Amino acid sequence: MPWDGGAECLGCQLCPHPCLCLPLTALPKLDESLRSFAEKVFASEVKDEEVRGEISHFDVEDICPISRTEMTVHMMLQEASSAVEMRKKLIRMKTMKTTALAPPVAPGAVPSLPAATEEATSICPQYQAVPDFQRVQITGDYASGVTVEDFEVVCRGLYRALCIREKNMQQSLQRFPKTPSQYLRSIEGEPWKPSDLGPVFTPPVKEGQDPLDSGNLPEDLGYHVQMKDGIVYVYADKAAADRNEPKDLPYPILENFVDDMNFLLVLIAQGPVKTYAHRRLKFLSSKFQVHEMLNEMEEMKELKNNPHRDFYNCRKVDTHIHAAACMNQKHLLRFIKKSYCVDANRVVYNAQGKQLTLKQLFQQLKLHPYDLTVDSLDVHAGRQTFQRFDKFNDKYNPVGASELRDLYLKTENAINGEYFATIIKEVGSDLEDAKYQHTEPRLSIYGRSPEEWPKLARWFNTHRVYSPNMKWMIQVPRIYDVFRSKNFLPHFGKMLEYIFVPVFEATVNPQAHKELSVFLRHITGFDSVDDESKHSGHMFSTKSPKPEEWTSQKNPSYTYYIYYMYANILVLNNLRRQRGMNTFLFRPHCGEAGAITHLLAAFMTADNISHGLNLKKSPVLQYLYFLARIPIAMSPLSNNSLFLEYAKNPLLDFHQKGLMVSLSTDDPMQFHYTKRVLSHEGGVLQCVLSHEGCPLPHRGCPVPRRGVLQCLLSHEEKVKFLGEKYEEDGPDGNDIRKTNVAQIRVAYRYETWCYELNLIAEGLKNE
């Protein structure tokens, strides 16, 4: 049932701040200037001058639930009541300690780091001990870089922003790191308790076990599922649905989400917050450079003394890759020629009711596979695709022929996707031979038909498209406008229904949907994909049309898509957890182009994101992503051909500041030449950026380690690849024997992270 702000609602049980769950009726009358502030921030992010004056084709003037009280408490500067009070503030700020690590003092405090002493080594294994290294320390009076008044306002804003993300991640059973959670409880004066709320992963397949076995599926619950206002509700039966009595599951409240979203919109536009975040990020970058200068040799000493492990045999996971382009172009060319030699006379294509053999298809295209080359295949992206997403999509058509794309890169065709399945299994076999590389390929669900899920599951099971080195994800293209213009869909709500209702039905009654239930065991998350540079001009709000009312041919905004995907994943995860099934993480494409409001929506809803380039445009969001340690899968070779030149890619800058970035390939068919595509991506990065002081591949493997932490391998697999304590933050969670990451580097990152969190705690100490 929906949360109503009462004491018994699950939202308030999970949220450390019940005030965040208050209904809108409890808010005081809104001031006109504050009410319109978030809309002005949104409008400033819309680059198209033609739509800047018209934020939306819907009326949004009367909605922007930022109350005068909320803004006063969390954002606006307050004048000191007296000179005595101001002096007390200054004295308190001057006595603030700015040591390298200042853990919270409340119960559940962050533990101190083990020193490389005899006492420490007797407590923990030698490989986990942190050798002595030189630390950068700031001494003297208050040194946050902004005024005392601004500092207090900034701390309140950052604190609430982190609480918003923590609440949303816990409600949707996604991940929120332990260390910031400990600091948040310390600020509140509450003891920190480990949470048992989190994702549920499918355990690895045991030796001799069939990964596609359907013999142990749970029984039918007999529940009734029905979509209402864009969200799937679960009822005990049809009669309960008629009475509007849903099962006791958490259902998000739109008003609360919009309230939090508008608060964050105002936060990222506030001058003091922007100044503080910018200076802290500059400090983090400079501090890392000094750290490298002082400790480079000690880190290298650790790595040289680490036996067996190096860049080539540490585990690497390609966390962002599309299945339709998971092979390199030479692999695709070789397969096309091989299929022609074997199946030239096989019927493989239906052309307007006429069946064609493979030989006849190539004759119709006036081609012969023997004459094809990598150049004539023309699937590699180049400068001609820069800022041209339409031309990039055309690169999925070998030799420019959509017929070959349908035949070789689709799951639905005259041969039931056999060629596509064979190519993917060959890629999986290559990964298994390489041993140390894993991928998370995306398969598409478009939401144009209720039969998409059963057909995709049948393809997966029939062709046994399984590899222990692959974890699968579902991507949902944001192309409702295309389907609506062709009358495939009556409204946006029907698209959401086709995407989520089949998954709910398979969760409630696996016995009636065996193939889909087996397929879902191998699915780890959802992605949202398309060209982010396309502006809809619509500001998502409480007065936005419900999905069933969105009948316009205009595409909804990015935030509109993100909210309704997140809302359904939230309900679905809680239902599947109750059934003992694996849950899903939300991992959208975000920040590759478009407005920074995309990154704000992802901060509220996504476990991790792909790309994140536009974080460089917003110091506040960048700092929040650092504090919350939101993983970012970056693909500089892909960006170089689409949106951003390689030399301007912010990956180096993000890495130096300590953001949780990892490398990914995106589309090897378009961007890579070798079989080991992820090593290729890292090698190119090393060659291009080594002169700027970022030797990623050869000075340990912090970036590959982050990729393994970010991915959705099971707990058992991560223990094997990263060590038994990989879930711990800091050097306690690093096993250098498996990760090849120096303990000095991990300790530096952890201390710096705690230092920044402690600044917020100190700023709110006397609140």
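How many of the eight residues of strand β6 are buried? Keep that question in mind while you display the whole chain, which is a predicted model, and begin with an overview before selecting single elements.

**The whole chain**

With the cartoon shown, the protein has 33 helices and 13 strands, and buried residues account for 61% of its 767 residues. Among the contacts with a separation of 6 or more, 76% are between residues 24 or more positions apart. If you switch on a surface, about 30600 Å² is exposed by the protein, with 50% of it supplied by carbon and sulfur atoms.

**The five-stranded sheet**

Select next the strands β3, β6, β7, β8 and β9, which form an open sheet in that order, with parallel pairing. Strands β3 (316-322) and β9 (585-586) are at its edges, and each has a single partner strand, so one side of each is left without a neighbour in the sheet.

Now colour β6 (residues 437-444) on its own, and the opening question can be answered: seven of its eight residues are buried, so β6 is largely enclosed by the rest of the structure. Toward β3, the strand is joined in parallel by five bridges, and here you can select Asp318, which stands opposite Thr439 in β6. Toward β7 (residues 472-477), β6 pairs in the parallel sense over three bridges, and Arg442 has Met473 in β7 as its bridge partner.

Add helix α23 (residues 558-578) to the view, and you will find that it lies across β7, β8 (523-529) and β9, running at about 165 degrees to β8.

**A helix with a bend**

Move to helix α21 (residues 492-508), whose 17 residues should span 24 Å at 1.5 Å a residue, and whose end C-alpha atoms are indeed 24 Å apart. Select Tyr498, where α21 bends by about 35 degrees, and then Pro502, a proline that follows within four residues. Of the 17 residues of α21, 15 are buried, so the helix is largely enclosed by the rest of the structure.

**The four-stranded sheet**

Select β10, β11, β12 and β13, which form a second open sheet in that order, and in which the pairing is parallel. Its edges are held by β10 (589-590) and β13 (661-663), each of which has a single partner strand, so one side of each is left without a neighbour in the sheet. Between them, strand β11 (residues 609-611) and strand β12 (residues 632-634) pair in the parallel sense over two bridges, and Ser610 has Ala633 in β12 as its bridge partner. Helix α30 (residues 702-710) packs on this sheet and touches β11, β12 and β13, with its direction making about 100 degrees with that of β13.

**Two single residues**

Select Asp607, which lies in the loop between α24 (597-605) and β11. Is Asp607 buried or exposed? At 3% relative accessibility, Asp607 counts as buried. Leaving aside neighbours within four places in sequence, its contacts are Arg165, Met169, Gln174, Arg175, Leu585, Phe586, Ile630 and Pro631.

Finish at Thr357 in strand β5 (residues 354-357), a residue whose relative accessible area of 14% makes it buried, because the cut-off is under 20%. Which residues does Thr357 touch, if those up to four places away in sequence are not counted? Show Ala344, Asn345, Arg346, Val347 and Val348 as sticks, and you have the residues that Thr357 touches on that count.

How values were computed
Residues are numbered from 1 along each chain as its sequence is written. This is a predicted model: local features need pLDDT of at least 70, side-chain atom pairs count only at pLDDT 80 or more; totals for chains, interfaces and linings use all residues. Side-chain values use heavy atoms; hydrogens and water are left out. Two strands pair if DSSP finds at least two bridges between them. Contact means heavy atoms within 4.5 Å. Axes are lines fitted to C-alpha atoms, for helices over the stretch in contact, and angles run from 0 to 180 degrees between N-to-C directions. Buried means under 20% relative accessible area, exposed over 50%, partly exposed in between (1.4 Å probe, protein chains only). Accessible areas come from the Shrake-Rupley method with a 1.4 Å probe; for residues, only the protein chains shown count as cover. The expected span of a helix is 1.5 Å times one less than its number of residues. The bend at a residue is the angle between axes fitted to the seven residues ending there and the seven starting there.
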